[in-house]
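Notebook open. I want to go through the strands, the helices packed on them, and any enclosed space.

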Amino acid sequence: MDWIELAVDAPPEFVEPLSEIFRRYGHGGVAIDGPGGFSPDEGELPPVPDRVTIKTYLPQDSTTRHHFAQIDVAVRLVAQLTPMSPLRQRVIKEQDWESAWKEHFHPLRVGLRLVVCPTWRVHAPAESDVVILLDPGMAFGTGHHPTTRTCLETLERLVRPDDRILDVGCGSGILSIAAVKLGACFALGLEIDPTAARAAQENVRTNGLDSSVNIAQGTLPSPLAPDGGFEIVVANISARVVTDMAHHLVEAMAPGGRLIASGIIDDRSDEVVTALERSGAKIDERLIDGDWVALLASA
């Protein structure tokens, strides 16, 4: 079944009444398009726009004309109170929205040996390939983003047999899985988002690593992550979060251990360095990829 998308541009203060109109008479929920270019994880607030786009969707069937008329009348009444755009409509062809993105996700080679392969693709590995089977679902971490890619490349350099890995903000579980496949004996992935944690747990099962990778919902401090318990700690999150938990990240490192702190926008890297050094870490490398910085530190 196809859908009719209805959209209107209005001042931000009229988002609530228009959303209520769309929610009441639309059948595909309400979407609000606002400005991007800011990072909530870094404590940034969205800019206040002059106009916001509010959308809803109607199934293209025998009820369409009736529901469109109700929305049209209600929007015209609101337009008597403020300048706003006319109600726009366009046809949206039916498709499997949750699966459409999979068409663009193919096996990805990272570093010298790592290959991130979607579970729905077939990859013929070379003899030296370390293959990570992945279905990220709604979780962050496919290997395409510079921060994840840098962490994977750094793990490939650092991981030694019998290393214990702590992966804070593990997302899809890609770094925990990679670390164990590279030779680590154990990885603990902590993730506060329950949807992401479930996706990570499923990826661990798909890779046959249930006995060596533990995914848990939570963050530091955690009873699962004792002080001094890990040869490598990875935190691919954001500058603000790494700064806030710098003490806990450094405390989790075993003597001589290493910390990979990533997800850091370049202009916030100095404050992360300061927080880590105040917590007792020594910065060994800055790894830069475009606007993103990863920090490699030691205990």
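I began with one residue pair: aspartate 9 has threonine 53 in S3 as its bridge partner. For the record, this is a predicted model, where local features need pLDDT of at least 70 and side-chain atom pairs count only at pLDDT 80 or more, while totals for chains, interfaces and linings use all residues. Residues are numbered from 1 along each chain as its sequence is written, and side-chain values use heavy atoms, with hydrogens and water left out.

**Entry 1: the open sheet.** I looked up the strands around that pair. Strand S1 (residues 3-10) and strand S3 (residues 52-59) run antiparallel and are joined by 8 bridges. My strands (E, at least two residues) and helices (H or I, at least four) are DSSP runs, numbered from the N terminus, and two strands pair if DSSP finds at least two bridges between them. What is the strand order in the open sheet? I read S2-S3-S1-S4, 4 strands with antiparallel pairing. S2 (30-33) and S4 (88-92) are at the edges with a single partner strand each, so one side of each has no neighbour in the sheet. Neighbouring strands here are turned by 25° against each other on average, direction ignored.

**Entry 2: helices on that sheet.** Helix H1 (residues 15-25) lies across S1, S2 and S3, at about 5° to S3. Helix H2 (residues 64-79) lies across S1, S3 and S4, at about 160° to S3. Contact here means heavy atoms within 4.5 Å. Axes are lines fitted to C-alpha atoms, for helices over the stretch in contact, and angles run from 0 to 180 degrees between N-to-C directions.

**Entry 3: strand S8.** Next I checked S8 (residues 164-168): 4 of its 5 residues are buried (under 20% relative accessible area, 1.4 Å probe, protein chains only), so the rest of the structure largely encloses it. S8 runs parallel to S9 (residues 186-191), with 5 bridges, and valine 168 has leucine 190 as its partner in S9. From S8 the chain crosses through helix H5 (residues 174-181) to S9, a right-handed β-α-β crossover (clockwise from first strand over helix to second, with the strands pointing away from the viewer). S8 also runs parallel to S11 (residues 230-236), with 4 bridges; leucine 166 stands opposite valine 233 there.

**Entry 4: enclosed space.** How many cavities of 30 Å³ or more does the whole structure hold? I found 1, with a volume of about 60 Å³. A cavity is a set of points on a 1 Å grid over the protein atoms alone where a 1.4 Å probe fits but cannot get out, and lining residues have an atom within 4 Å of a point. Its lining includes Phe140, Thr148, Asp167, Cys170, Ile174 and Asn236.

Methods
Buried < 20%, exposed > 50% of the residue type's maximum accessible area, 1.4 Å probe, protein only. 1 Å grid on protein atoms, 1.4 Å probe; cavity = no way out; pocket = protein on both sides within 12 Å on 5 of 7 lines; lining within 4 Å. Points joined across faces, edges and corners; volume = space filled by probe spheres on them.
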